[in-house]
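User: I'd like to learn how to read a fold from its coordinates. Could you walk me through one?

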Amino acid sequence: MTSSAPLRVVIADDEPDLRLLLRMQLDRHQDFDVVGEAADGSQAVDQVLSTAAQVVVMDLLMPGTSGFEAIAMLAEQAPTVGIVAYTAVAGDFVRTEMKRIGVELVLKSGDVGPLADALRRAAPASVDR
């Protein structure tokens with residue numbers, strides 16, 4: 001992939017260790033710039049809006065404002081932002097709901113490759129790539 005600027009990413013997960021791990025893994029890729037982190041969905045929306053992020057990694061099950069709620073908020077407030085749902089467990093309901101709203105779902109694992117690929121796919125079409 002050739003790009004004039006890295007994708008601006010916000011990581012939303014209630015686990016600080018996981019946010020740190022994802023930041024470290026994504027920072028190794030030249031095509032990502034982690035511009036914000038959030039511990040719940042409300043913070044995720046604030047971070048996306050304040051940093052002009054292009055894509056967000058969204059944990060679905062967080063205390064306070066969930067990832068499900070944050071995705072709906074972003075659809076209204078920042079409809080061009082790409083979203084990748086990132087969760088440890090995804091039953092039929094979660095899979096069906098993410099497919100219905102057009103959000104790619106990636107299961108949490110030690111391999112950042114599938115997440116990085118999903119973020120690239122989720123990036124707005126207007127990004128110079």
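Analyst: Sure. Start with the labels: helices and strands are DSSP runs, numbered from the N terminus. Using those labels, Met58 sits in strand E3. Keep in mind that this is a predicted model.

User: Okay, how many helices and strands does the protein chain have, and in what order do they run?

Analyst: There are five helices and five strands. Read from the N terminus, the order is β-α-β-α-β-α-β-α-β-α. The radius of gyration is 13 Å, close to the 14 Å that the globule rule gives for 129 residues, so the chain is as compact as a globular protein of that length. Along the principal axes, the C-alpha trace covers about 35 × 30 × 25 Å.

User: What do the contacts say about sequence separation?

Analyst: Take the contacts between residues at least 6 apart in sequence: 65% of them join residues at least 24 apart. Ala122, in helix H5 (residues 113–122), gives you a case to look at. Val55 is 67 residues away from Ala122 in sequence, yet their C-alpha atoms are 6.8 Å apart. Beyond its neighbours within four places, Ala122 contacts Val55, Gly82, Ile83 and Val84. For contrast, try Gly110 and Gly36: they are 74 residues apart along the chain, with 21 Å between their C-alpha atoms.

User: And where do the nonpolar side chains go?

Analyst: In soluble globular proteins, nonpolar side chains tend to be buried together. Here, the largest nonpolar core has 22 residues, and those with the most contacts inside it are Val48, Val56, Met58, Ile71, Leu74, Ile83 and Met98. At least two residues of this core come from each of strand E1 (7–12), helix H2 (41–51), strand E3 (55–58), helix H3 (67–77), strand E4 (82–87) and helix H4 (92–101). Another core, of 19 residues, lies apart from it and includes Leu7, Val55, Tyr86 and Leu119.

User: Is Met58 buried or exposed, and what does it touch?

Analyst: The cut-off for buried is under 20% relative accessible area. Met58 has 0%, so it counts as buried. Leaving out residues up to four places away, its contacts include Ala12, Ala44, Ala70, Ile71, Leu74 and Ile83. The C-alpha atoms of Met58 and Gly41 are 8.0 Å apart, with these positions 17 residues apart in sequence numbering. Met98 makes a good second stop: outside that same four-place window, it touches Leu60, Phe68, Ile71, Ala85, Val103 and Leu105.

User: Which residues could I check at the exposed end of the scale?

Analyst: Exposed means over 50%. Gly110 is in the loop between strand E5 (104–107) and H5, and its relative accessible area is 68%, so it is exposed. Ala52 also counts as exposed, at 53%, and lies in the loop between H2 and E3.

User: What about the phi of Ala52?

Analyst: Most residues other than glycine have a negative phi. Ala52 is not a glycine, but its phi is positive, about 55°.

User: Last one: what does the whole surface look like, and how many charges are there?

Analyst: The chain exposes about 6600 Å², with carbon and sulfur atoms supplying 52% of that area. Buried residues make up 46% of the 129. As for charge, there are 11 positive and 19 negative side chains, and the centres of these two sets are 5 Å apart.

Conventions. Residues numbered from 1 in each chain as written. Predicted model: local features only at pLDDT ≥ 70, side-chain atom pairs only at ≥ 80, totals over all residues. Heavy atoms only, no water. Helix = DSSP H or I, 4+ residues; strand = E, 2+ residues; numbered from the N terminus. Rg over C-alpha atoms; globule rule 2.2 N^0.38 Å. Buried < 20%, exposed > 50% of the residue type's maximum accessible area, 1.4 Å probe, protein only. Contact = heavy atoms within 4.5 Å. Areas by Shrake-Rupley, 256 points an atom, 1.4 Å probe, with all protein chains shown as cover. Lys, Arg positive; Asp, Glu negative; His and termini not counted. Charge placed at Lys NZ, Arg CZ, Asp CG, Glu CD. Core = buried A, V, L, I, M, F, W, Y, C linked by side-chain atoms within 4.5 Å.
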